[in-house]
Amino acid sequence: TTPGQSIQNQCSQGQTAKCCNSLSKAVANLIPIQIGLNCVSLDLISVLPIGKQCTQSQALACCSSGQQTGLVNLGNVCVPVSL
């Protein structure tokens, strides 16, 4: 498996491994959630290490597929992932 695939394997069904510039906490119906901002999907077939796909300032996360509108991902609920 590639580094991207091993991260994707940690994600729940319906989520995609992404590099996010930030993860912000938001409260939706009084439940705190993480919202990914300015996220890009990992290249799952690349053999490059994750550090080459995500910069050190980016957060690695599993995100539900939200819509990208400018720098804000709408409905992009994310769960941080550790390497």
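Let's start with Cys78, which is buried in this predicted model because its relative accessible area is just 3%, and anything under 20% counts as buried. What does Cys78 pair up with? It forms a disulfide with Cys63, and the two sulfur atoms sit 2.1 Å apart. In case the word is new to you, a disulfide is a covalent bond between the sulfur atoms of two cysteines. Now look at the twist of this one: the torsion about the S-S bond of Cys63 and Cys78 is about 105°, so this disulfide is right-handed. Cys63 belongs to strand β3 and Cys78 to strand β5, so the bond ties together parts that lie 15 residues apart in sequence. Cys63 is buried too, with a relative accessible area of 0%.

Right next in the sequence, take a look at Val79, which also lies in strand β5, the stretch covering residues 72–80. Is Val79 buried or partly exposed? With a relative accessible area of 44%, Val79 is partly exposed, because the range for that label runs between 20% and 50%. Setting aside its neighbours within four places in sequence, Val79 is in contact with Gln15, Ala61 and Cys62. You can also check its distance to Ile33: these two residues are 46 apart along the chain, and their C-alpha atoms are separated by 8.6 Å.

Cys62 turns up again when you move to Cys11. You'll find Cys11 in the loop between α1 and β1. Its relative accessible area is 12%, so Cys11 is buried. Beyond its neighbours within four places in sequence, Cys11 is in contact with Thr16, Ala17 and Cys62. You can link Cys11 back to where we began: Cys11 and Cys78 are 67 residues apart in sequence, while their C-alpha atoms are 9.9 Å apart in space.

Back to the disulfides. How many are there in total? The count comes to 4 disulfides. One of them joins Cys19 and Cys54, with sulfur atoms 1.7 Å apart. Here the torsion about the S-S bond is about -75°, so the disulfide of Cys19 and Cys54 is left-handed. Cys19 sits in strand β1, and Cys54 sits in the loop between α2 (50–53) and β3 (59–64), so this pair ties together parts that are 35 residues apart in sequence. Both Cys19 and Cys54 are buried.

Another disulfide joins Cys20 and Cys39, whose sulfur atoms are 2.1 Å apart. The S-S torsion of Cys20 and Cys39 is about 105°, so their disulfide is right-handed. Cys20 lies in strand β1 and Cys39 in strand β2 (residues 31–41), so the pair ties together parts 19 residues apart in sequence. Cys20 and Cys39 are both buried as well. If you number the bonded cysteines along the chain, the disulfides follow the pattern 1-6, 2-5, 3-4, 7-8.

While you're looking at strand β1 (residues 15–28), find Lys18. Lys18 is buried, yet it has no salt bridge. Which side chain of opposite charge is nearest to Lys18? That would be Asp43, and it is 14 Å away. A salt bridge would need the charged atoms within 4 Å, so that pair doesn't qualify. Lys18 does touch plenty of other residues: not counting those up to four places away in sequence, they include Cys39, Val40, Leu42, Ala61, Cys63 and Asn76. Two of those names, Cys39 and Cys63, you've already met as disulfide partners.

Now zoom out to the whole protein. Its secondary structure comes to 2 helices and 5 strands, and along the sequence they follow the pattern α-β-β-α-β-β-β. Of the 83 residues, 33% are buried. Among contacts with a separation of 6 or more, 57% are between residues 24 or more positions apart. The accessible surface is about 5,100 Å², and 58% of it belongs to carbon and sulfur atoms.

Finally, how confident is the prediction? The mean pLDDT is 83, and 84% of the residues reach 70 or more. Among the elements, helix α1 (residues 3–8) has the highest mean pLDDT, at 92, whereas strand β4 (residues 67–69) has the lowest, at 55.

Methods. Residues are numbered from 1 along each chain as its sequence is written. This is a predicted model: local features need pLDDT of at least 70, side-chain atom pairs count only at pLDDT 80 or more; totals for chains, interfaces and linings use all residues. Side-chain values use heavy atoms; hydrogens and water are left out. Helices (H or I, at least four residues) and strands (E, at least two) are DSSP runs, numbered from the N terminus. Buried means under 20% relative accessible area, exposed over 50%, partly exposed in between (1.4 Å probe, protein chains only). Contact means heavy atoms within 4.5 Å. Lys and Arg count as positive and Asp and Glu as negative; His and the chain ends are not counted. A disulfide is a pair of cysteine sulfur atoms within 2.5 Å. Accessible areas come from the Shrake-Rupley method with a 1.4 Å probe; for residues, only the protein chains shown count as cover. pLDDT is the predictor's confidence in each residue, from 0 to 100.
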